[in-house]
Amino acid sequence: MLHRILYFSPAGTTARIAGWIDRDLRERGRRSELINLATCDSAGLQAFDWSNCCLWLGSPVYCDHAIPLVEHQLSQLPVVVQGFSVPFVTWGGVTSGLALPELATRLKKQGFKPLAAAKFLAEHSSTWKVSEPFYRGYPGRRERSLVQQLVNRVCERLDCESNGELNLEKLNYLPKRMREASAGKTLALVKSAMPPLVADSNRCTACGFCVQHCPVQCITLDPYPVIGSTCIRCMQCVRHCPEEAFSFSAETVYERIMVMAEESDEKKESQIYI
Ligand SMILES: Cc1cc2nc3c(=O)[nH]c(=O)nc-3n(C[C@H](O)[C@H](O)[C@H](O)COP(=O)(O)O)c2cc1C
């Protein structure tokens, strides 16, 4: 069986977890392949042989859900007869929302039976600019050890004749009040309430760093950056701009994140489900 690890990771923490999974699988003598969804389109994914495969799918949580691009790529995969899967998400200590149950349900629908699932705490990628980013240092040693446990348990399950399946009820870990709030929240809605991302033409040198760092390739230079409608507000353009040409109110964003984290009843810890 081939383990294929698909991930999307604007700020790099999901990529780190995916790399650990890959390493642990290889150390156990399993065949494993890492695929970055930022550089592989639907046609590329459809060209793979998906039979006899365990699909690990990793997404950051954005506004209580997996990133829409990840959900879209997943819906483009062929429906398989007997596949397996392990969805995993990284979240910045606010809430993991519905990302994990939604990914698991979708994977199951496509024929990739979920064997396990996991949510990993990670530095909140909107807080890099403040002196103490939210959940700085995550994923850390506990997450590293959880990945090892997860890989061990998944391998054990696959080696077992009956395989077993994750009971998706286990992913209904949020209280009803929070599940309902998450269901009504989307990245599109949050984005529509945000001020537009604009580069100050007095500072911008049209160097193109923002274009290079955009994981959804939504920036064009004309001659200054124009942000397209598929922007996911990952802020990598802002973060990597050498001229600090984009206005970004780091303290305000940080304070909003702190308030949302306090209002959330979700236990702020990483967790594996099997
Ligand atoms: C636009 C945006 C929305 C986010 N929404 C959430 C959220 O709803 N809950 C949460 O806990 N973290 C949220 N985060 C933080 C990310 O989930 C977290 O930092 C994740 O580890 C980023 O993954 P990456 O490093 O692979 O890009 C958000 C970050 C961004 C940029």
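This briefing covers the domains, their interface and some notable residues of one protein chain. The model is predicted. Its chain is divided into two parts: domain 1 (2–173 + 267–273) and domain 2 (187–263). Their C-alpha centres lie 26 Å apart. Between them they bury about 1,900 Å².

**Where the domains meet**

- Domain 1 is assigned in two segments, 2–173 and 267–273, while domain 2 is assigned as 187–263.
- The distance between the C-alpha centres of the two domains is 26 Å. Domain 1 puts 21 residues into the contact, and domain 2 puts in 21 residues.
- The size of an interface is often given as the accessible area lost when the parts come together.
- Here that figure is about 1,900 Å², and carbon and sulfur atoms account for 73% of it.

**Polar links across the interface**

- The count of residue pairs in polar contact between domain 1 and domain 2 is 2, with both residues at pLDDT 80 or more.
- On the domain 1 side that touches domain 2, there are 13 nonpolar, 5 polar and 3 charged residues.
- The interface holds 1 salt bridge.
- E244 and K129 form a salt bridge, with their closest N and O atoms 3.9 Å apart. That pair qualifies because the cut-off between a side-chain nitrogen of Lys or Arg and a carboxyl oxygen of Asp or Glu is 4 Å.

**Backbone points to check**

- Most residues other than glycine have a negative phi, and most peptide bonds are trans. The residues below depart from one or the other of these patterns.
- E244, the partner of K129 in the salt bridge, has a positive phi of about 50° and is not a glycine. E244 sits in the loop between α9 (236–240) and α10 (250–263).
- N52 is not a glycine either, and its phi is positive, at about 50°. The loop between α2 (42–46) and β3 contains N52.
- N52 counts as partly exposed because its relative accessible area is 48%, and the partly exposed class runs between 20% and 50%.
- Y138 and P139 are joined by a cis peptide bond, with omega about -5°. P139 belongs to the loop between β7 (117–121) and α5 (141–159).
- D222 and P223 are also joined by a cis peptide bond, and here omega is about -15°. P223 is in the loop between β8 (219–221) and β9 (225–227).

**Two buried residues**

- C54 is part of strand β3 (residues 53–62). C54 is classed as buried because its relative accessibility is 0%, and buried means under 20%.
- Several residues distant in sequence touch C54, among them M1, L2, H3 and R4. Its contacts also include F84, S85, V86, L115 and L158.
- F84 is 30 residues from C54 in sequence, yet their C-alpha atoms are 4.5 Å apart.
- Q73 lies in helix α3, which covers residues 68–75. Q73 is buried too, because its relative accessible area is 6%, under the 20% limit.
- Beyond its neighbours within four places in sequence, Q73 contacts L37, C40, D41, S42 and L45.

Key: Residues numbered from 1 in each chain as written. Predicted model: local features only at pLDDT ≥ 70, side-chain atom pairs only at ≥ 80, totals over all residues. Heavy atoms only, no water. Domains from an automatic or database assignment. Contact = heavy atoms within 4.5 Å. Buried area = accessible area lost by both parts, 1.4 Å probe. Polar contact = N/O pair within 3.5 Å; in protein donor to acceptor, adjacent residues only side chain to side chain. Nonpolar A, V, L, I, M, F, W, Y, C, P; charged D, E, K, R; others polar. Helix = DSSP H or I, 4+ residues; strand = E, 2+ residues; numbered from the N terminus. Buried < 20%, exposed > 50% of the residue type's maximum accessible area, 1.4 Å probe, protein only.
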